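Here is a quick tour of one protein model, from its open spaces to its sheet. Have the 3D view ready and follow along.

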Amino acid sequence: MKKVTIALIGAGFAGNFHTNSYNKVSGVDLRIKYVYDNDQERAQQLCDKWDIIEEVAASYQQVLEDPEVDVVDIITPPVTHLGLAYEALDANKHVICEKPLTGYFGEEGDEEPIGLKVPKAKMYESLLKNIDECRKKFEASDRLFMYAENYVYSPNILRSAEMIEAKKSKIMYMKGEESIRSSTSPASAYWSLAGGGSLIRLGSHPIGGMLFLKQIEAKARGEEIGVQSVVAETGRLAPSLNEHDKRYFPAKSIDTEDFATVIITFTDGTKAISISNDNTLGGVKNYVEVYTNDSALVNNITPADNLSTYFLDQDDLDDVYISEQLQDKTGWNKVFVAEETLRGYLAQFQDFAECVAENRQPLSGLDLAYDTIKIIYAAYLSAEEGRRVDF
């Protein structure tokens, strides 16, 4: 296999997940030559933490002009995704892009805050143009677009896909959820930076995972199955609380939702429900339940039940990671064990590295990125106008 040289663009929270997984990729001669972030101090901290990262780049242009770099891994706020991806494409680089693919972040003349003032119909129309353009650009090139949807690569989901494929099961109904206690990113409070709230930031995961399983079913049964319609409800729950009552929810949303439920109807008449909210205490909650004509497959991604702990105090545990967004380590807790494996990160980056080395398409690519964000913005439109959105 050829050597695969990667540059990380963004050194925030997800940068550690990505780097930790790259560090465990096997069978591929892989190196991370650069990390670049607008915050050079944060980039240096990530570089110092991981021996696999060779150096901090002075600019994105330095990364693009380096002929040794094969892939840029975009781990930045959604508002930057398409711009960075197009620059990478022009520089003949493969692209790994964190979810979501893109969103609506405002245009000249928009009333602010745009999440509360700009009609979702305008957002939806603009988004469709942008993702169609993205698809055309990458399909016309020989560069890979790899969509970092870790749900697809969770061992639970992959195992369910294997059984659905083997039995040629008909998926009747799915329910997926990602919920948490607020976001770690300051950008998440602003529609102009995040492109939405809990739906785009959290709901993209179960939606992507369920779309993937539906694709597996369609291929196994020799059928063509797409999305027929979307119905949704969204809300801003925490902003309605007084300061005391919302003390455990640190996110200061300006114009983004913190609750969303989406019902997807497929062209074969079957259904899927996605739940996502920022008002769930106790750590991150991730699952996908699948009910078929001949089986029930319950994928509990996190919290897992591998290790439970009970502590009477938190002495000397400051640097011990228990679970994402879990503040109190006393009492009983379910500890994340082999998180990069159970949440799919390791298999995801193993696949991406092999795809570049072997010049093949990834399991999670542009089609999944395109369909997921189209559903999300159709859901925003549905929730605002109180109607079903047909595809």
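A pocket here is an open set of grid points with protein on both sides within 12 Å along at least five of seven lines, and a residue counts as lining it if it has an atom within 4 Å of a point. Keep in mind that this is a predicted model.

**The largest pocket**

Let's start with the largest pocket, whose volume comes to about 1100 Å³. Its lining takes in 42 residues, and those nearest the centre are Ala-14, Ile-75, Thr-76, Pro-77 and Ser-185. Helices H1 (13-22), H4 (81-90) and H10 (198-221) are the elements that each give two or more residues to this lining. Which domains does the lining draw on? At least three residues come from each of domain 1 (4-148) and domain 2 (151-347 + 375-390).

**The second largest pocket and the cavity**

Next up is the second largest pocket, at about 350 Å³. It has 17 lining residues, and Gln-361, Pro-362, Gly-365, Leu-366 and Asp-367 are the closest to its centre. Two helices, H6 (120-139) and H13 (366-385), each supply two or more residues to the lining. H13 gives the most, with 3 residues.

There is also 1 cavity of 30 Å³ or more. Its lining is made up of Ile-301, Thr-302, Ala-304, Phe-336, Val-337, Glu-339, Leu-342 and Arg-343. Strand E12 (296-302) and helix H11 (339-342) are the elements that give two or more residues each.

Here are the three linings by residue class:

| Space | Nonpolar | Polar | Charged |
|---|---|---|---|
| Largest pocket | 19 residues | 15 residues | 8 residues |
| Second largest pocket | 7 residues | 5 residues | 5 residues |
| Largest cavity | 5 residues | 1 residue | 2 residues |

**The sheet**

Now for the strands. Seven of them make an open sheet in the order E12-E11-E7-E10-E9-E8-E15, and the pairing is mixed. E12 and E15 (389-390) sit at the edges with a single partner strand each, so one side of each has no neighbour in the sheet.

Strand E10 (residues 271-277) is a good one to zoom in on. Is E10 largely enclosed or left open by the rest of the structure? Of its 7 residues, 5 are buried, so E10 is largely enclosed. On one pairing, E7 (residues 171-179) runs parallel to E10, with 7 bridges joining them. On the other, E9 (residues 259-266) runs antiparallel to E10, also through 7 bridges. Within that antiparallel pair, Ala-260 stands opposite Ser-276 in E10. E9 and E10 form a hairpin with 4 residues between them, and Gly-269 in the turn has a positive phi of about 90 degrees.

E7 pairs with E11 (residues 285-292) too, this time antiparallel and with 8 bridges. Met-174 is a handy residue to click on: it stands opposite Ala-272 in E10 and opposite Val-290 in E11.

**What the record says**

UniProt lists residues 194-390 as "domain: Gfo/Idh/MocA-like oxidoreductase C-terminal", in an unreviewed entry. In the model, that span is 32% helix and 26% strand, and its end C-alpha atoms lie 25 Å apart.

Methods
Residues are numbered from 1 along each chain as its sequence is written. This is a predicted model: local features need pLDDT of at least 70, side-chain atom pairs count only at pLDDT 80 or more; totals for chains, interfaces and linings use all residues. Side-chain values use heavy atoms; hydrogens and water are left out. Buried means under 20% relative accessible area, exposed over 50%, partly exposed in between (1.4 Å probe, protein chains only). Two strands pair if DSSP finds at least two bridges between them. On a 1 Å grid over the protein atoms alone, a cavity is a set of points where a 1.4 Å probe fits but cannot get out, and a pocket is an open set with protein on both sides within 12 Å along at least five of seven lines; lining residues have an atom within 4 Å of a point. Grid points are joined across faces, edges and corners, and a volume is the space filled by probe spheres set on the points. Ala, Val, Leu, Ile, Met, Phe, Trp, Tyr, Cys and Pro count as nonpolar, Asp, Glu, Lys and Arg as charged, and the others, Gly among them, as polar. Domain bounds come from an automatic or database domain assignment. UniProt positions are given in the numbering used here, feature names are shortened, and annotations may be inferred rather than shown by experiment.
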